[in-house]
Amino acid sequence: MKIDDVATKFEALGNPTRLKIYRALVRAGEAGTPVGRLQERLKIAPSTLSHHLKTLVAAGLIRQVRDATTLNCHANYEVMRGLMDFMVAECCADAVESKDTKSAA
């Protein structure tokens, strides 16, 4: 994953309302959640929810699937895993042993 892509995704999650929406969709699992249920659960005005969902879709964090008259939202778990992998890929790569650790050995 490229750093600009990661930054765009984290920027989308940087808004508290969008983060709440995303967490609710992650909790929902693969089945996702209808927009109406998401709106009721999070107590977000429909127009506000629509605005935030559009941002999350544009960032690739969620996808929406229409089933007749119901619009279901799903977390994109592949992208979520990619973000987490990106964050831990080089964990402690530049860590330097402290003097205490060296003298204890």
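1. A residue is called exposed when its relative accessible area is over 50%, and buried when that area is under 20%, with partly exposed covering what falls in between. These cut-offs are worth having in mind from the start, and it should also be said that the structure discussed here is a predicted model.

2. Take Lys43 as a case to try the definition on: with a relative accessibility of 72%, Lys43 counts as exposed. In the chain, Lys43 sits in the loop that runs between helix H3 (35–42) and helix H4. Its backbone also deserves a look, since Lys43 has a positive phi of about 55° although it is not a glycine.

3. Cys92 can be read in a similar way, starting from its place in the loop between H5 and helix H6 (99–104). The phi of Cys92 is positive, near 65°, and Cys92 too is a residue other than glycine. Is Cys92 buried or exposed? Its relative accessible area is 57%, so Cys92 is exposed.

4. Turning to the helices, H1 covers residues 3–13, and within it Val6, Lys9, Ala12 and Leu13 are buried. When H1 is viewed down its axis, these buried residues fall within an arc of 125°, so they line one face of the helix. On the other side of H1 the picture is reversed, for Ile3, Asp4 and Glu11 are exposed there. What, then, covers the buried residues of H1? The cover includes three helices, namely H2 (16–28), H4 (46–58) and H5 (77–88).

5. The surface carries a nonpolar patch made up of Phe10, Met84, Met87 and Val88, which together have about 390 Å² of accessible area. Which helix gives the most to this patch? The answer is H5, with three residues, and Met87, one of the members of the patch, has its place in that helix.

6. Helix H4 holds His52, and this residue makes a useful contrast with the loop residues discussed above. The relative accessible area of His52 is 7%, and because buried means under 20%, His52 belongs to the buried class. If its neighbours within four places in sequence are left aside, His52 is in contact with Asn15, Thr17, Arg18 and Ile21.

7. The strands of the model come together as an open sheet of three, in the order E1-E3-E2, with antiparallel pairing. The edge strands are E1 and E2, each of which pairs on one side only. Looking at the pairs one by one, strand E1 (residues 33–34) joins strand E3 (residues 70–75) over two bridges in the antiparallel sense, whereas strand E2 (residues 62–67) joins E3 over six bridges, again in the antiparallel sense.

8. Asn72 is a good residue from which to follow the sheet, since it appears in both pairings. Asn72 in E3 is the bridge partner of Pro34, and Val65 stands opposite Asn72 as well. Asn72 can also be related to Arg37, which is found in helix H3: the two are 35 residues apart in sequence, while the distance between their C-alpha atoms is 9.4 Å. Arg37 has a relative accessible area of 48%, and because this value lies between the two cut-offs, Arg37 is described as partly exposed.

9. E2 and E3 form a hairpin with two residues between the strands, and in this hairpin Ala68 takes a positive phi near 60°. Asp67 lies in strand E2, where it stands opposite Thr70 of E3. How much of Asp67 is accessible, in relative terms? The value is 52%, and as exposed means over 50%, Asp67 is counted as exposed. From Asp67 to Ser50 there are 17 residues in sequence, and the C-alpha atoms of the two are 17 Å apart in space.

Terms used:
Residues numbered from 1 in each chain as written. Predicted model: local features only at pLDDT ≥ 70, side-chain atom pairs only at ≥ 80, totals over all residues. Heavy atoms only, no water. Buried < 20%, exposed > 50% of the residue type's maximum accessible area, 1.4 Å probe, protein only. Helix = DSSP H or I, 4+ residues; strand = E, 2+ residues; numbered from the N terminus. Arc of directions from axis to C-beta. Contact = heavy atoms within 4.5 Å. Patch = residues over 30% accessible without salt bridge, like charges linked within 9 Å, V, L, I, M, F, W, Y side chains within 5 Å. Areas by Shrake-Rupley, 256 points an atom, 1.4 Å probe, with all protein chains shown as cover. Salt bridge = Lys/Arg side-chain N within 4 Å of Asp/Glu carboxyl O. Pairing = 2+ DSSP bridges.
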